[in-house]
Amino acid sequence: MKLKNIFSTKKYVILDGAMGTMLQKSGLELGERPEILAATHPEKITAIHRMYVESGADLIYANTFGANSHKLDGFGYTVEEVITAGVKAAKAACEGTAALVALDIGPLGELLEPTGTLSFEEAYELFKEMVTAGSSAGADVIVFETMTDLYEVKAGVLAAKENSDLPIMVSMTFESNSRTFAGCTVEAMAMTLEGLGIDAVGINCSLGPKEILPIAKELCDNTRLPVFVKPNAGLPNLNTGSYDIDPAEFAEQMLAYHEIGISMLGGCCGTTPDYIKAIVTKFQGLETKAYEKEQRYIPKLRACSPTLSVTVDHVTIVGETINPMGRKFIKQAYLNEDMDVILACGVEQVENGAEILDVNAGMPGIDERLMLPRVVKLLQSVVDAPILLDSQNPEALEAALRVYNGKPMINSTNADSDLMDRILPLAKKYGAAIVGLTLDEEGIPETAEKRFELAKRIVERALSYGIPKEDLIIDCLTLAASVQQKEASQTPKAIKMIKEQLGVKILLGVSNISFGLPQREIINRNFLAVAINAGLDMPIMNPMDEGMKEAIYAHNVLSGYDEGSKNYIEKYAKTPAQDKQNKDKKNDSTDTDIAHAVRKGLKNETKLATEQLLESMEEMEVINQKLIPALDALGALFEKGDIFLPQLIQGAQAAQAGFEVVNKRLAAKDTETVNRGKIVLATVKGDIHDIGKNIVKIILQNYGYQVIDLGRDVPINSVVEAVKKHEAKLVGLSALMTTTLKSMEETVEAIHKEQLDCKIIVGGAVLTEDYAKSIKADYYAKDAKKSADIAKEVFGNQIKL
Ligand code: B1M
């Protein structure tokens, strides 16, 4: 049932306020999993819900936020038991009223691949279990809230759609820069979730009503869906820990949401039934402006990854080179499963101006159903350009559409009736834009008029499947001028007719035109100019072809898209001498290669660049002068907000591949094989940065010391126990964050407290000599080599046999 129908008589839908805040106030012993309280103290949970219903809430969220099987593991309750109890307690509170109950689902608490270790399919299963339990327990709506990772949301929404017919609402939580913690933009969330067919989209938590307002406005501009908000009760006061606005002020600030057409509102952290009552009073008698919001919405052809959206309102380059057809190196890369070649090809095209990447994995000897989703997942970990999934194999397409993060495009169906019936439902289900080729069982028609007829047939069928018109793209196709010269002019003619009469966007694989002719670039770039002039929106082309790009840059100036010719000037104002200088710099620098490869998260390239550097540099020089600066640059981008956690992690993994090359070399060096002494090594509690600690380990081993490596995020007690157990005379602690310095201090304190006969070295980028002294460490090592010097001082030249 649609959300609209459930609330059809309401001008405003009032949502509830915080559960956590109320649980704290209720004096209940929260334990680690508050969701279990619905099973142990159902009457108290019902009483809290009841207060919200009595305050005027139309929809209350059951106490099931973290009731997934990973989080409940070890607590003695199943997901079904906790969710059934949660929904039941909420339903009891609604008895005798019209209020409804939402199954509340929060983040799983684990990062998904490639950032973390949880696979998309595992996430889907965890959500499925919650959805199934919630539906059977009688929930009226499914709400995903406080989400930060669009990929995780997609797994959840698919699980909800495929295992229940309840309406679905999703809200994500944004920081004041309008990005989620994982870097997802408002626009990407809106278009992806609307495409997936949810019923309402919203924002909750992190900020108060004033701070969320501009973000909510952006959301309203980007979706036709009803929008809902649940802000916190202002911002937290760091001294008192409580939130800074009272119910009256909260309701006053919420009034601004009425103006932008939002008619579903409630509260998140810090809000109580009084806050909800205040909103109800404030909104009494107001006519909703949701209709005006719908009118303001301008449909556009768009695609996105979580961090980047592309609107096709200008000539948008679609990179064509990840396609085994006619490209031996791609074919070979697929056969050898050498995915780094494919990834590098994606990065190169984006750096050369491709805004969307066409990806084709269909060739003999390769199972496209496995390869297409694999390439999609990998490419999305290194580039943020959206992907045009190039296949007519429904199974391969569905596998790739499932794991695609964002709103994708499909290339393609044609006017063949059977094919349309297999491909178009996929576009509808996964919210993808779709390309239709103007050909059918009889091939490509010779005339523009016949191609127009086929385009019309595709558009009509797509609309009948419920695909919005703005998501339709037509490929007018081109025949080789060397063979069918007379038909060459039919393509621009068809482009013009289709664009003007059907009002859809146009795509074209431009270079087919020159097949069989010498100096193909000359024909390609001139044909491109003609096609653009006729109305081509999305040329599929090689973005490294400078001649073709010149035609596009020039068109953007002449059409007025490139305001003030800014992009054109930036690209072409350089003198030939400057250009040469830049090229030379680029060509001879492995330094740039390594920084670039780390920045782009390319493991193999980092590895190769490191190996190349080791031919002329010492291992420690490569570490200190190349790899560490590359990571520093990455860290600086992260701090500035130019990249987000997923890119930071990809970059760190690429750097790790470089460090592994160096570490292997160091380990293989012909050094002492004797044991000079035992050293316990650990990255402190709360800190997972271990790249530096691992280098220290290798260097110490290299100098002949036996290292007992406790890993990262090591509890204080484990360090103490290891020192005792191994009777180590030296312990090394590493910390990389200001927030984990406290753990370091406490670990040092614990070692001293036990009066162990052991010296302590501390290290890590945030530390200083003075700080090391202040926490009573015996030594500070600014780098790995220094830690070996210190070990020598501690152990002398003694050899332990
Ligand atoms: Co994060 N991270 N990170 N990170 N990360 C930093 C440290 C940060 C400075 C980035 C930034 O914002 N500019 C920032 C900390 C800010 C602060 O504290 N004020 C930060 C943050 C905030 C975070 C997260 C909280 C991000 C988030 O989730 N929002 C999160 C933290 C998770 C946690 O720990 N609980 C996080 C996660 C990660 C990744 C997982 C993505 C990854 C770590 C992967 C891994 O280690 N396995 C990562 C990385 C790679 C970095 C940066 C970019 C690089 C760190 C590094 O490896 N440097 C870093 C920015 C930066 O430092 N420029 C950053 C290279 C390494 C060889 O140097 O460790 O200093 P270093 O080691 C040197 C010396 O210091 C010394 O020898 C080594 C070799 O010469 N040394 C010792 C180190 N330990 C020693 C011990 C010794 C002796 C010498 O004796 C025992």
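I will go through the surroundings of the ligand in this predicted model, and then turn to its aromatic pairs and two further residues.

Let me start with the ligand and the residues around it. There are 37 residues around the ligand, and those that come nearest are Asp632, His689, Asp690, Ser734 and Thr738. If we sort the shell by residue character, it divides into 21 nonpolar, nine polar and seven charged residues, and if we sort by domain, at least three residues come from domain 3, which spans 579-668, and at least three from domain 4, which spans 678-795.

Several contacts with the ligand can be given atom by atom. On the nitrogen side, a nitrogen atom of the ligand lies 2.8 Å from an N or O atom in the side chain of Asp632, and a nitrogen atom of the ligand lies 2.7 Å from an N or O atom in the side chain of Ser734. On the oxygen side, an oxygen atom of the ligand is found 3.4 Å from a polar backbone atom of Ile691. As for secondary structure, the elements that contribute two or more residues to this shell are helix 27 (619-640), helix 28 (645-668), helix 29 (691-702), strand 21 (730-734) and strand 22 (759-763), and the largest share, six residues, is that of helix 27.

Which residue of the protein is the donor to the cobalt atom of the ligand? The single protein donor is His689, through its NE2 atom, at 2.3 Å from the cobalt. In terms of the fold, His689 sits in the loop that runs between strand 19 (678-683) and helix 29.

Let me move on to the aromatic rings. Across the whole structure, the search finds seven aromatic pairs, and I will describe two of them. Phe120 and Tyr151 form a tilted pair, with 4.8 Å from centre to centre and 35° between the planes. This pair links distant parts of the chain, since Phe120 belongs to helix 7 (residues 120-137) and Tyr151 to helix 8 (residues 150-163), and the two residues are 31 residues apart. Are these two rings buried or exposed? Phe120 counts as buried because its relative accessibility is 4%, and Tyr151 likewise counts as buried because its relative accessibility is 6%.

The other pair I want to show is Tyr553 with Tyr572, which is edge-to-face, with 5.4 Å from centre to centre and 85° between the planes. Here too the pair links distant parts of the chain, with Tyr553 in helix 22 (residues 546-558) and Tyr572 in helix 23 (residues 566-572), 19 residues apart. Tyr553 has a relative accessible area of 23% and is therefore partly exposed, and Tyr572, with a relative accessible area of 26%, is partly exposed as well. Ring pairs also join Tyr553, Tyr568 and Tyr572 into a cluster.

Finally, two individual residues. Thr321 is located in strand 11 (residues 318-322), and with a relative accessible area of 6% it is buried. The side chain of Thr321 makes a polar contact with the side chain of Gln349, at 2.7 Å. Phe65, for its part, is in the loop between strand 2 (59-61) and helix 5 (69-72), and its relative accessible area of 27% makes it partly exposed. Although Phe65 and Glu145 are 80 residues apart along the chain, their C-alpha atoms are separated by 8.2 Å.

Note on methods
Residues numbered from 1 in each chain as written. Predicted model: local features only at pLDDT ≥ 70, side-chain atom pairs only at ≥ 80, totals over all residues. Heavy atoms only, no water. Near = heavy atom within 4 Å. Polar contact = N/O pair within 3.5 Å; in protein donor to acceptor, adjacent residues only side chain to side chain. Helix = DSSP H or I, 4+ residues; strand = E, 2+ residues; numbered from the N terminus. Nonpolar A, V, L, I, M, F, W, Y, C, P; charged D, E, K, R; others polar. Domains from an automatic or database assignment. Donors = N, O, S within 2.8 Å, 3.2 Å for Na, K, Ca; no water. Phe/Tyr/Trp six-rings, centres within 6.5 Å; stacked < 30°, edge-to-face > 60°. Buried < 20%, exposed > 50% of the residue type's maximum accessible area, 1.4 Å probe, protein only.
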